[in-house]
Amino acid sequence: MADTLSEFEGCTLLARLFRRRGYAIERNVMFREYGVEFHIDGWDRKARVGFEFLTSEDDDHDDLTLEEYNSLTDAQHRGELALFIIDEVEPLSAADLLAEANEFLDEVEADRRPRKQPVRKAARKRATKKAAKRSAAKTALKKAAAKKAVKQKKKTGKKKVAAKKTVPKATKRSAKKVAKKKVAKKKVAKKKVAKKKVAKKKVAKKKVAKKKVAKKKKTTRR
């Protein structure tokens with residue numbers, strides 16, 4: 001095959017490529033839409049994908065005017081169809097034609113892929129935000145609970161220490177009181193003993209004095 005393709009050769013290559021890519025291409029179909037009427041070289045009615053090879057062999061430029069070409073281009077921009085149009089201005093090899101056609105079909109498939117709705121993305125973002133808030137709230141509650149537990153432990157520890165400190169104070173005070181009572185008892189006992197001794201001495205002195213008085217009386221009688 002020569003480097004420069006004829007319309008028949010180019011359309012044959014394009015029909016094979018489009019069919020290999022999954023399109024039900026029909027050859028030389030009458031196209032009547034958008035105020036345009038011409039014989040299209042290859043067309044898939046259901047997928048609304050096709051190709052047109054413009055050459056001077058069959059007076060295609062007269063068949064598809066510039067106004068009709070612009071109306072088809074506008075429809076293609078709106079996504080209503082996908083038409084691969086090759087204008088025979090410069091010589092085109094088979095490899096270049098297939099490369100351009102493959103690139104065109106890749107773009108068509110990329111544009112027609114189902115896109116995720118932005119609402120779902122927003123819902124996912126909201127869900128992730130809610131989950132993040134929940135996790136943050138859980139961590140905050142855990143931290144608060146941990147702080148409370150630490151505070152309670154500190155309080156209980158302080159209470160225990162205070163109780164331990166107060167117990168020896170009470171025992172010391174009671175011991176002092178007992179000691180004071182013992183000292184007071186001893187003092188009282190000493191006082192009692194001293195009083196008894198004084199009383200005995202007084203009684204003894206009285207007895208001695210009585211005896212002396214009795215002896216004097218006897219001596220005076222004699």
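## Pocket lining and aromatic pairs

In this predicted model, helix α4 contributes the largest share of the lining of the largest pocket, namely five residues.

**Exercise 1.** Describe the largest pocket by its volume, its lining residues and the character of those residues.

*Solution.* Begin with the volume, which is about 260 Å³. Next, list the lining, which consists of Gln 76, His 77, Gly 79, Leu 81, Ala 82, Phe 104, Glu 107, Val 108, Asp 111 and Arg 112. Then assign these residues to helices: α3 (66–77) and α4 (94–112) each supply at least two of them. Finally, sort the lining by character, which gives four nonpolar, three polar and three charged residues.

**Exercise 2.** Classify the ring pair of Phe 84 and Phe 104, and state where in the chain its two members lie.

*Solution.* The whole structure holds five aromatic pairs. For Phe 84 and Phe 104, the ring centres are 5.2 Å apart and the planes stand at 35°, so this pair is tilted. The pair connects distant parts of the chain, since Phe 84 belongs to strand β4 (residues 82–87) and Phe 104 to helix α4, with their positions 20 residues apart. Both Phe 84 and Phe 104 are buried, and Phe 104 also appears in the lining of the largest pocket.

**Exercise 3.** Determine how the rings of Phe 18 and Tyr 23 are arranged, and which aromatic cluster they belong to.

*Solution.* A pair counts as tilted when its planes are neither under 30 degrees nor over 60 degrees apart. The rings of Phe 18 and Tyr 23 have centres 6.2 Å apart and planes at 50°, so the pair is tilted. Phe 18 and Tyr 23 are both buried, and together with Phe 51 they form one aromatic cluster.

Terms used: Residues numbered from 1 in each chain as written. Predicted model: local features only at pLDDT ≥ 70, side-chain atom pairs only at ≥ 80, totals over all residues. Heavy atoms only, no water. 1 Å grid on protein atoms, 1.4 Å probe; cavity = no way out; pocket = protein on both sides within 12 Å on 5 of 7 lines; lining within 4 Å. Points joined across faces, edges and corners; volume = space filled by probe spheres on them. Helix = DSSP H or I, 4+ residues; strand = E, 2+ residues; numbered from the N terminus. Nonpolar A, V, L, I, M, F, W, Y, C, P; charged D, E, K, R; others polar. Phe/Tyr/Trp six-rings, centres within 6.5 Å; stacked < 30°, edge-to-face > 60°. Buried < 20%, exposed > 50% of the residue type's maximum accessible area, 1.4 Å probe, protein only.
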